[in-house]
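Hi everyone, thanks for coming. Today I'd like to walk you through one protein chain, so please have the picture open while I talk.

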Amino acid sequence: MTQYIVRRSLQAIPLLFIISVILFLLMSNMGDPLATLGGRQPPRGADRQRLERQMGLDQPIYLQYVYWLVGNDWREVDTNGDGEPDASGTRRGILRGDWGTSLVTRRPVLEMIWERLPNTLLLMGTVEVLVILIALGIGIYSALRQYSAADNVMTAFAFVGYSMPIFWAALMLMYIFAVNFKRWGLPYFPTVGMYDPAVGKTASQVIWHMVLPVISLSITYVAVYSRHIRASMLEVINQDYIRTARSKGLSNRSILWGHALKNASLSLVTLIGLDLPLLLAGAVVTERIFAWPGMGRLFLDHVERVDVPVLMGILMLVSVAVVVFQLLTDIVYTWLDPRIRYH
């Protein structure tokens with residue numbers, strides 16, 4: 001197992017390098033980052049040349065990538081705005097811990113990410129925990145009562161939830177539980193931000209503001225997870241070793257939790273392993289609709305401004321998380337199924 005982990009880790013290095021090259025080329029060709037710096041008034045020619053030189057945008061694309069990756073300790077920049085380079089700037093590169101500076105806010109990218117990441121993890125982590133618990137209950141119940149009335153109802157709701165666009169679900173929830181509830185004089189849910197500024201960022205405020213975003217995100221995920229768990233459980237409970245366990249007189253609870261669920265969890269682990277890295281990226285649509293100050297909203301705001309350093313920081317964070325969680329998923333496989341061995 002140790003050799004396998006080391007080999008996979010070494011294989012991840014060229015993979016992440018290729019991913020970074022592709023992402024940098026795509027992000028750099030999305031548009032002109034200087035066109036939006038002056039608001040509605042585009043920068044003048046002289047100002048544009050100064051900004052290009054200051055931000056390194058006057059360099060060929062391959063040099064911009066090298067500066068982003070390993071840095072450039074000798075680059076001269078214009079610090080007083082007179083159009084002439086007058087100081088030596090230091091750019092260490094992402095490999096040396098410098099994630100760059102936002103072209104829009106002029107703040108360090110790493111600082112901006114760490115500012116938003118806890119908000120995204122709070123929202124998405126809550127969604128993931130609720131989804132797993134609810135989907136496990138629905139999937140196991142449906143599998144144990146296959147083709148019953150309850151199974152048919154849950155199947156119908158699962159297909160509806162899976163086919164429902166997240167933005168539509170979010171807007172409908174806002175219309176019913178915020179707009180109409182307020183109109184009817186009922187306690188209504190907030191639709192914007194993490195808390196009411198007049199009250200402050202308290203635990204109750206954050207939880208109250210999380211209700212609608214969490215439900216919006218959970219609908220689709222519960223539908224997907226529950227169908228996978230149901231299919232896996234149906235496949236497992238018809239295996240010979242389950243019948244053997246029953247013939248030995250083991251209780252249904254012991255068979256369910258000790259044998260069936262453990263082996264049926266492989267598909268669930270695969271889904272979780274694929275979804276967990278996306279928790280870092282946040283929910284772009286949901287965070288924009290509910291004005292949740294997370295990574296998804298940060299990404300979308302800076303996509304509009306073609307802020308390459310911020311976009312690359314977020315995308316590379318997600319890319320590294322994908323590699324790491326896929327490796328952890330393989331390790332969990334060996335714990336759930338002793339027949340799986342890596343060499």
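**Salt bridges, a patch and a lone aspartate**

Let me begin with a count: the chain has 6 salt bridges. Please keep in mind that we are looking at a predicted model. If the term is new to you, here is the basic idea: side chains of opposite charge can pair when their charged atoms come close.

Take a pair from the two ends of the chain. Asp 330 and Arg 8 form a salt bridge, and their closest N and O atoms are 2.4 Å apart. Asp 330 belongs to helix 12 and Arg 8 to helix 1, which covers residues 2-28, so this pair links distant parts of the chain, 322 residues apart. Are these two partners buried or exposed? Asp 330 counts as buried because its relative accessible area is 13%, under the 20% cut-off. Arg 8 has a relative accessible area of 23%, so Arg 8 counts as partly exposed.

Now for another pair. Arg 230 makes a salt bridge with Asp 151, with 2.8 Å between the closest N and O atoms. This one also links distant parts of the chain: Arg 230 sits in helix 7 (residues 203-237), Asp 151 sits in helix 5 (residues 149-163), and 79 residues separate them. How accessible is Arg 230? Its relative accessible area is 10%, so Arg 230 is buried. Asp 151 is buried as well, because its relative accessibility is 1%.

Here is a salt bridge with a partner close by in the numbering. The side chains of Arg 107 and Glu 111 meet at 2.9 Å, N to O. Arg 107 is at 26% relative accessibility, so we call Arg 107 partly exposed. Glu 111, at 41%, is partly exposed too. Which residues are linked in a network of salt bridges? They are Arg 107, Glu 111 and Glu 115.

Let's zoom out for a moment. The secondary structure comes to 12 helices and 2 strands. Reading from the N terminus, you meet three helices, then the two strands, and then helices the rest of the way. Of the 343 residues, 41% count as buried. If you take contacts between residues at least 6 apart in sequence, 66% of them join residues at least 24 apart. The accessible surface comes to about 18700 Å², and 65% of that belongs to carbon and sulfur atoms.

Speaking of the surface, please turn to a nonpolar patch of about 760 Å². Its members include Phe 167, Trp 168, Tyr 175 and Val 284. Two elements give two or more residues to this patch: helix 6 (166-183) and helix 10 (284-289). Which helix gives the most to the nonpolar patch? That is helix 6, with 7 residues. Tyr 175 is placed in helix 6. Tyr 175 has a relative accessibility of 43%, so this residue counts as partly exposed.

Next, a charged residue that has no salt bridge. Asp 307 lies in the loop between helix 11 (295-304) and helix 12 (308-336). Asp 307 is buried, and the nearest side chain of opposite charge, Arg 106, is 7.2 Å away. Why is that not a salt bridge? A salt bridge needs a nitrogen and an oxygen within 4 Å, so a distance of 7.2 Å does not qualify.

What does the side chain of Asp 307 make polar contacts with? One partner is the side chain of Ser 102, at 2.4 Å. Another is the side chain of His 302, at 2.8 Å. Leaving aside neighbours within four places in sequence, Asp 307 is in contact with Ser 102, Leu 103, Val 104 and His 302.

My last stop is Asp 98, found in the loop between strand 2 (87-88) and helix 4 (109-144). Asp 98 is at 22% relative accessibility, so Asp 98 counts as partly exposed. A polar atom of its side chain lies 3.0 Å from the backbone nitrogen of Gly 100. Asp 98 and Pro 108 are 10 residues apart in sequence, and their C-alpha atoms are 8.3 Å apart in space.

To close, try finding two residues on your own screen: Asp 330, which pairs with Arg 8, and Asp 307, which is buried yet has no salt bridge. Thanks for listening!

Conventions
Residues are numbered from 1 along each chain as its sequence is written. This is a predicted model: local features need pLDDT of at least 70, side-chain atom pairs count only at pLDDT 80 or more; totals for chains, interfaces and linings use all residues. Side-chain values use heavy atoms; hydrogens and water are left out. Helices (H or I, at least four residues) and strands (E, at least two) are DSSP runs, numbered from the N terminus. Buried means under 20% relative accessible area, exposed over 50%, partly exposed in between (1.4 Å probe, protein chains only). Contact means heavy atoms within 4.5 Å. Accessible areas come from the Shrake-Rupley method with a 1.4 Å probe; for residues, only the protein chains shown count as cover. Lys and Arg count as positive and Asp and Glu as negative; His and the chain ends are not counted. A polar contact is a pair of N or O atoms within 3.5 Å; within protein, one must be able to donate a hydrogen and the other to accept it, and residues adjacent in sequence count only if both atoms are side-chain atoms. Patches are made of residues with over 30% relative accessible area and no salt bridge: like charges are joined within 9 Å, nonpolar side chains (Val, Leu, Ile, Met, Phe, Trp, Tyr) within 5 Å.
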